[in-house]
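Thanks, I will keep this short. Please have a look at the structure first, and then I will go through the sheet, the helices and the rings.

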Amino acid sequence: MTNVDLASLVRNVPDFPIPGIQFKDITTLISNGSAFQQVITTLADRYRPLGIDAVVGIESRGFIFSAPLALELKVGLVPVRKPGKLPADTYQIEYALEYGTSKLEIHRDAFVPGARVIVIDDLLATGGTISAATQLIEQAGARVVELAFVIELAFLNGREKLEGYPVYSLIQY
């Protein structure tokens, strides 16, 4: 398989969702089958030797990458979702955003105690969402082995909120 320049397939959308934001659109990357396969293969090769018990995907774009990665690793997928989307008992966390607050949930019985998990999302910006997700995952009894992202906006210093967790990203801006 020939490597694709993944960064060249990420579309910049100016002023979305608000003026002044340069949105990194992954739909142009995932619409390219070779590039999408490269992302999943690269991540699977990285995590296959680590004895991972589950892949955790963050709603919603994290699901795009977490589902095929879980299949490739032959492990289960655990979703972290917005409130009211999971049908059984959940843990919930509220966290700060640049422009307000948000909430995430995970099923209380999502993991066997001590499960080793990889968390994947499409993009690391300020780190607020993924930091909240790690707290939920640990509350549910799992151990985060690494946080993985397709894109990292390094200039926003999101890694600083994730101290103590290994972080891996395929594309950095």
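Let me start with a side chain: over the ring of which residue does the charged end of Arg 46 sit? The ring is that of Tyr 168, and the charged end lies 3.8 Å from its centre. There is another case of this kind to show. The charged end of Lys 24 sits over the ring of Tyr 173, at 4.0 Å from the ring centre. Bear in mind throughout that this is a predicted model.

Now the sheet. It is open and made of 5 strands, and reading across, the order is β4-β3-β7-β8-β9. The pairing is parallel. At the edges are β4, residues 76–80, and β9, residues 167–172, and each of these pairs on one side only. From one strand to the next, the twist averages 20 degrees.

To take one pairing inside that order, β3 covers residues 54–58 and β7 covers residues 116–124, and the two are joined in the parallel sense over 4 bridges. If you want a register point, use Ala 54, whose bridge partner in β7 is Val 117.

Next, the helices. Helix α2, residues 33–47, lies across β7, β8 and β9, with β8 being residues 143–152. Against β9, helix α2 runs at about 155 degrees. Helix α3, residues 61–73, lies across β3, β4, β7 and β8. Its direction is at about 170 degrees to β3.

That leaves the aromatic rings. How many aromatic pairs does a search of the whole structure find? It finds 2. One of them is Phe 16 with Phe 23, edge-to-face, with 5.1 Å centre to centre and 85 degrees between the planes. Phe 16 is partly exposed, at a relative accessible area of 41%.

Phe 36 and Phe 65 also form an edge-to-face pair, with the centres 5.8 Å apart and the planes at 90 degrees. Why does this pair tie together parts that are 29 residues apart in sequence? Because Phe 36 lies in helix α2 while Phe 65 lies in helix α3. As for exposure, Phe 65 is buried, with a relative accessible area of 0%. Phe 36 has a relative accessible area of 22% and is partly exposed; the cut-off for buried is under 20%.

So much for the rings, and that is the end of my part.

Terms used
Residues are numbered from 1 along each chain as its sequence is written. This is a predicted model: local features need pLDDT of at least 70, side-chain atom pairs count only at pLDDT 80 or more; totals for chains, interfaces and linings use all residues. Side-chain values use heavy atoms; hydrogens and water are left out. Two strands pair if DSSP finds at least two bridges between them. Axes are lines fitted to C-alpha atoms, for helices over the stretch in contact, and angles run from 0 to 180 degrees between N-to-C directions. Contact means heavy atoms within 4.5 Å. Rings of Phe, Tyr and Trp (its six-membered ring) pair if their centres lie within 6.5 Å; planes under 30 degrees apart count as stacked, over 60 as edge-to-face and the rest as tilted. Buried means under 20% relative accessible area, exposed over 50%, partly exposed in between (1.4 Å probe, protein chains only). A charge sits over a ring if NZ of Lys or CZ of Arg is within 6 Å of the ring centre and within 35 degrees of the ring normal.
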